[in-house]
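Biologist: Before we discuss any detail, could you put the sequence and the model in front of us, and then explain how each label you use is earned?

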Amino acid sequence: MFAKMGGSAKAYAAVLLIRLMYSGMHVMSKVALDQGMNPLVFVFYRHTTAALVLIPITFVLERRKAKPVTFTIGWKMFVHALYGVTACGVLFNLGLNYASATSSSALYNVQPVITFILAVIFGMETLKLTRFHGKVKFAGILFCIAGVTVLAFYEGPMFRSFNHHHLFQNGGSSSPAGAAETHSKKQWVLGIFLMTLSNVLAGLWTVLQGPLIEDTSKLMNTALQISCASVQAFLVAVAAERDFSKWKLGWNVGLAAIVYSGVIVTALSYYMQMWTIAKRGPVFLAMSTPLTFVFTIVISSFIIGDAVSLGSIFAGVLLVGGLYNVFWGKSIEERDDLTKISAAAAGKPGLELPPPQKNKADLQAPQVPDDDDGAEAKV
C-alpha cells in the first residue's frame, strides 16, 4: 500500500514517522534516566550502539566510492564530534535528567532558530532589520527567547493525564513543581539551561558541517563522527562514574532506550531524513519539528503519566511561533529576491543590432520602392 502512494504522501508519512521516532526517544530516555541510569553512561552506550550499526553499513555502501580520509579531515571530524555530538549529547541528557520529556521536546523547536542566528553571525544568512522580512525573523528570535524563559520560570495550572494505567511509573513531570519530587526548582532551571546549551552546540555543529561534508560523503561523515563520539563519551563516563555496577545493562527499559536511540533514531531516522530532504527539501523537514512536541505530550501523558503544565504548553506555543516566524521571514526574503531578479531581467535591454550605415552613394541615389511597398501603397 505504501509503495502505491504518491511521492508527496510518502514524504508526509516519512515526516510523521521521523517525529514519532524522536518523540519516543525523548520519552524512553527520560524513563531510563528516572530509573537510575547514569546520563553519561547512557550517552556512551547510545553512541556505541549507533556506531556499531553505521560502521558496517558505511563499509558496504561507501568502500568503493568514498573519498580517502586524510589526517586533517579525521582531526576535523574528531573536533566536530567532540562539541557537536559528545558534548551536545551529554548536556542534553544531564538536562533531561533534571527536567522532563515534554520540556526537552519543546526546546527542540529552538534548534533551527539557533542555527539561523549562528548562520547570521558567520555571514551565511542575512538579518536586515530595516526590511519587513528582517523584522519578522527578529520577532521569531524574541519569541524563542521568551519561550525558553517561560519554560524555565513559569508553571501555571497542571493538566493531569486521563489515563491512570501507566506503562512506567512517572519519575518527573513537565513542570518545576512536578519535578520537585526528585529535583529542586533550581535543578529544573539548570536542566532547561543545559538543554538549551545543547541546542546551541547542535546549531553550531550544523552550521559548520558544510565544508566537512564536501570532503567526504554524508554517511561516511556521520559514521566517523559517531565513532569518535563513542570513544569520547567513554572517556567522559569513566572519569565521572567509577562505580562500574552502574554500567551493567539488564533486560529493562534502559537497554530498550539505548537500542531504540542508537538504531531507530540515529540509523533509521537518519536515512529517512536524507530521503525527505532529497524529495522535498530541508525546509519541509524543519517545518515538521513542532510535531515532536505534540507527539511527546501525548506519549508521555499516556505512557508515564507526565502531567503537563500550562507554562510548558505556553512555552511550546512561543517556541513553535518563533520557529515559524523565522521560516516566514526567510520565505519573504527569498520571494523578494526572486522578484528583484525577475524585474532586473525584464528591464535589461536586449541585444539590438545597430542600424546599417549608408554611404554617400546610397544617400544620393533616388529611393525606388520595391514591389511590396508599391503593393501596400496601392492598397
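**Labels and the values behind them**

Modeller: Let me start with a pair of side chains: Glu125 forms a salt bridge with Lys330, and their closest N and O atoms are 2.5 Å apart. This is a predicted model, in which local features need pLDDT of at least 70 and side-chain atom pairs count only at pLDDT 80 or more, while totals for chains, interfaces and linings use all residues. Residues are numbered from 1 along each chain as its sequence is written, and side-chain values use heavy atoms, with hydrogens and water left out.

Biologist: What makes the contact of Glu125 with Lys330 a salt bridge?

Modeller: The term asks for a side-chain nitrogen of Lys or Arg within 4 Å of a carboxyl oxygen of Asp or Glu. The N and O atoms of Lys330 and Glu125 are 2.5 Å apart, so the pair meets that cut-off. Glu125 lies in the loop between H5 and H6 and Lys330 in helix H14, so the salt bridge ties together parts that are 205 residues apart in sequence. The helices, like the strands, are DSSP runs numbered from the N terminus (H or I and at least four residues for a helix, E and at least two for a strand).

Biologist: Why is Glu125 called partly exposed?

Modeller: Buried means under 20% relative accessible area and exposed over 50%, with partly exposed in between (1.4 Å probe, protein chains only). Glu125 has a relative accessible area of 24%, so it is partly exposed, and Lys330, at 23% relative accessibility, counts as partly exposed too.

Biologist: Which other side chains meet in a salt bridge with H14 at one end, and how far apart in sequence are they?

Modeller: The side chains of Glu333 and Lys137 meet at 2.4 Å, N to O. Glu333 is in helix H14 and Lys137 in helix H6, 196 residues apart, and the pair links distant parts of the chain. Both Glu333 and Lys137 are buried.

Biologist: How many salt bridges does the structure hold, and where do Lys30 and Asp34 lie?

Modeller: The structure holds four salt bridges, including one in which the side chains of Lys30 and Asp34 meet at 3.2 Å, N to O. Both residues lie in helix H1 (residues 7-34), four residues apart, which is about one turn of the helix. Lys30 has 2% relative accessibility, so it counts as buried, whereas Asp34, at 28%, counts as partly exposed.

Biologist: How do you know that the span of H6 is close to the expected value?

Modeller: The expected span of a helix is 1.5 Å times one less than its number of residues. Helix H6 (residues 132-153) has 22 residues and reaches 32 Å from its first C-alpha to its last, close to the 32 Å expected. Among its buried residues are Val148, Leu151 and Ala152.

Biologist: What makes a group of residues a nonpolar core, and which residues have the most contacts inside the largest one?

Modeller: A nonpolar core is a set of buried Ala, Val, Leu, Ile, Met, Phe, Trp, Tyr and Cys residues joined through side-chain atoms within 4.5 Å. The largest has 32 residues, and those with the most contacts inside it are Leu107, Val113, Leu151, Ile192, Met195 and Leu319. Among the elements that give two or more residues to this core are H3, H6, helix H8 (185-207) and helix H14 (310-347). Contact means heavy atoms within 4.5 Å; not counting residues up to four places away in sequence, Ile192 touches Ala99, Ser103, Leu107, Val148, Leu151 and Ala152.

Biologist: Why does Ser198 count as buried?

Modeller: Ser198 has 3% relative accessibility, so it counts as buried. Ser198 is found in helix H8 and, leaving aside its neighbours within four places in sequence, is in contact with Cys88, Leu91 and Phe92.

Biologist: Where in the protein is the mean pLDDT lowest among the elements, and where highest?

Modeller: The pLDDT is the predictor's confidence in each residue, from 0 to 100. Helix H16 (residues 371-378) has the lowest mean among the elements, 38, and helix H3 (residues 71-98) the highest, 92. Over residues 360-379 the pLDDT is below 50, and beyond near neighbours in sequence this stretch has two contacts in the model. Where pLDDT is low, the predicted coordinates should not be read in detail. For the protein, the mean pLDDT is 80, and 83% of its residues reach 70 or more.
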